[in-house]
Amino acid sequence: MSNKNKSTHAHFSRRTFLGLSALSTASALGLTTVSLGTPGQAQASWFSRPWLAQPHKPEPIASHYSAIVVGSGYGGAVAALRLGEAGVDTLMLEMGMLWNQPASDGNVFCKMSSPDGRAMWFRDRTEAPLDRIFGLDLVNRNIEHYPGVLDRLNYPNMSVYLGRGVGGGSLVNGGMAVVPRRDLLERILPDVSTAEMYQHYFPKASAMLGVNSASRALLDSRYYRFTRVGQRTAERAGFRMVDVPGVYDFDYMLREARGQAPQSGLDQEVIYGNNAGKQTLDKNYLPAALGTGHVTLRAMTRVTGIRTDANGTYYLALETIDVNGTVTETREISCQQLFLAAGCVGTTELLLRARETGTLPELNDQIGLGWGNNGNFMAARGNRLLDYTGARQSGFPISGIDNWDDPRNPAFVEIAPLPTGFETWASLYLAITDNPERGHFSYDRAQDKAILHWAAHQSRPSYEMTTAVLDRINDANRTDYRRGLFAGNRFYADNFTYHPLGGCLLGKATDDRGGVRGYQNLFVIDGSLLPGNVGVNPFLTITALAERNMHHILKGSN
Ligand code: FAE
């Protein structure tokens, strides 16, 4: 390593460390606002959690910033870091909580097997994707009404799962970090240089996010028996398997497996958060952003409206809430540059509302269009007696069936865990299919929210493409589908997605670096730019595209 690189690395690490300290100090104090304006000193405002009983005392934030980033998921985290590095005075707003303070049980997050208020965003009962075991309603539980980490937005025929909190989807996702096929990226983003993406931005995003792969020792452990069975049964049918990299620290997981470290990914922690092991955005991009000294982060604050004036200044209407969901403060703040990273639903809703209520009247008719579920489809098979999948399973998939080159039924079918704690003999699959169907959002004035339009028949191609693979596996293994895991006694679920994409497509609602058409200095920087399907799990593509767009935006080029 050259001296220059060494010192950049040391500087970056120190800044990241300062940012990490600020995040954990703020969290330990129960704060909603964190900054490193003066390194090491956090601005503070209190919120209460039932387990912690902190007083609520919101501290003021400034009334104007050079830049505001709405949302702290992948797109937002990249934007905040690169703005902070460029010395731009930036405020990041996040409607969910800052999560790294242990509650009274000693854990930040709860387990899937014993969910409480921390699990879901203001619900009285959990709404897990798999809602039954052996046909019995054993999964969902009544919980306290609390700003928990997973949200499920229910629209007709399609529900969308989302992460809520500082770190967005990184807090709840399965960590699978897959580079998309080059031919697919060229097809869906024709104006983006794929050479630039593959040579520069995918490696950069992977390095920042800590992408790594499971070792043979881990695959051979009891916790990945479900994967070995999934591979064996697929290979009997002649399918090609591919490894699936991820952002869970697999060295840590191996230590979990050997009893050398507290268990998280191996002990029922995934969709309601991980207490160890997973490299979420609050461990990499976000502390690095705070560490620049130019970024302030405010949690529990939702942006409800956007307007602009003749000078091109943007004004955001904000609502700060407490843990009961009660609005404790409403105000307006302004900025010169606005970056929308509220996720595919959040960003599209903000822009649709602004267009339909006339506060940003120049927005074009492309806002709300081009939504897709990444072809998501979940299904289960039963296995023969000797192909038992294991009572204790890792929550993090590491292998998939690559059938994308099948011209009639292109699908990437990941072998998903079913970590129930007892033997089920079931193999579960999360498929990403090349479903060409697209939905759209409209603004419902009475409810003041965006509504997703997706007809039941639009999920049919995903059904065909997935069952083409699983039928062959069943034939080769003389097995059948497994019912009793999904509602309606079906062997599959086609009515929810983990991978919502689109709504503000790159090159249509925006220019080719995310600048919203009709306005200056207004950018979309999250999954709503991607046209409905990337053929693999999407966060690595969202992060790499955000890196590419921020580079061009800050350079003032295309
Ligand atoms: P996102 O991460 O959703 O962040 C948006 C943030 O904005 C959230 O924190 C919101 O709370 C916040 N927000 C929204 N509206 C507002 C507002 N009005 N004011 C203030 N804040 C707001 O967006 N992807 C993979 O690649 N691999 C996986 O293994 C994987 N597994 C998944 C499992 C689950 C259960 C879920 C839910 C998702 C999974 N995903 C996975 C999808 C991935 O997490 C998702 O594509 C990204 O998180 C989207 O990134 P964005 O930056 O678009």
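This note goes through the predicted model point by point, from the whole chain to its sheets, its ligand and two individual residues.

1. The chain as a whole. For a reader new to this predicted model, a starting point is that the protein chain has eleven helices and 21 strands. Of the 558 residues in the chain, 61% are buried. The area that the chain exposes is about 20,400 Å², and carbon and sulfur atoms supply 50% of that area. Among the contacts with a separation of 6 or more, 71% are made by residues 24 or more positions apart.

2. The surroundings of the ligand. The ligand is surrounded by 36 residues, and the closest of these are Glu 94, Gly 169, Met 176, Gly 527 and Phe 539. By residue type, the shell around the ligand divides into 16 nonpolar, 16 polar and four charged residues.

3. Polar atoms next to the ligand. A backbone N or O atom of Gly 75 lies 3.0 Å from an oxygen atom of the ligand, and a backbone N or O atom of Met 95 lies 3.2 Å from a ligand nitrogen atom. With Arg 164 it is a polar side-chain atom that lies 3.2 Å from an oxygen atom of the ligand. On its own the ligand has 1,000 Å² of accessible area, and the protein covers 95% of it. The elements that give two or more residues to the shell around the ligand are helix 2 (74-85), strand 5 (158-163), strand 8 (301-308) and helix 11 (539-555).

4. The sheet of three strands. Strand 5, which contributes to the ligand shell, also belongs to an open sheet of three strands with the order 4-5-19 and mixed pairing. Strand 4 (150-155) and strand 19 (496-497) each have a single partner strand, so one side of each is left without a neighbour in the sheet, and these two stand at the edges. Six bridges link strand 4 and strand 5, which pair in the antiparallel sense, and across this pairing Leu 153 stands opposite Val 160 in strand 5.

5. The sheet of six strands. A further open sheet consists of six strands in the order 6-13-14-15-12-18, and its pairing is antiparallel. Its edge strands are strand 6 (241-243) and strand 18 (492-493), each of which pairs on one side only. Within this sheet, strand 13 (residues 399-402) and strand 14 (residues 411-416) pair in the antiparallel sense over three bridges, with Gly 400 standing opposite Glu 414 in strand 14.

6. The pairings of strand 10. Several pairings can be followed from strand 10 (residues 327-340), which pairs with strand 2 (residues 64-70) in the parallel sense over six bridges; here Ile 68 has Leu 338 in strand 10 as its bridge partner. With strand 9 (residues 314-321), strand 10 pairs in the antiparallel sense over eight bridges, and Leu 316 stands opposite Ile 333 in strand 10. Strand 9 and strand 10 form a hairpin with five residues between them, and Gly 325 in the turn has a positive phi of about 90°. Strand 10 also runs parallel to strand 21 (residues 522-524), to which three bridges join it; in this pairing Phe 339 stands opposite Phe 523 in strand 21.

7. Thr 466. This residue lies in helix 10 (residues 460-477). Because its relative accessible area is 0%, and buried means under 20%, Thr 466 counts as buried. A polar atom of the Thr 466 side chain lies 2.7 Å from the backbone oxygen of Ser 462. If neighbours within four places in sequence are left aside, Thr 466 is in contact with Phe 377, Ala 431 and Thr 433.

8. Arg 232. This residue is found in helix 6 (residues 225-236) and is partly exposed, with a relative accessible area of 33%. Leaving aside neighbours within four places in sequence, Arg 232 is in contact with Arg 225 and Asp 387. Along the chain Arg 232 and Asp 387 are 155 residues apart, while their C-alpha atoms are separated by 9.1 Å.

How values were computed
Residues numbered from 1 in each chain as written. Predicted model: local features only at pLDDT ≥ 70, side-chain atom pairs only at ≥ 80, totals over all residues. Heavy atoms only, no water. Helix = DSSP H or I, 4+ residues; strand = E, 2+ residues; numbered from the N terminus. Buried < 20%, exposed > 50% of the residue type's maximum accessible area, 1.4 Å probe, protein only. Polar contact = N/O pair within 3.5 Å; in protein donor to acceptor, adjacent residues only side chain to side chain. Contact = heavy atoms within 4.5 Å. Near = heavy atom within 4 Å. Areas by Shrake-Rupley, 256 points an atom, 1.4 Å probe, with all protein chains shown as cover. Nonpolar A, V, L, I, M, F, W, Y, C, P; charged D, E, K, R; others polar. Pairing = 2+ DSSP bridges.
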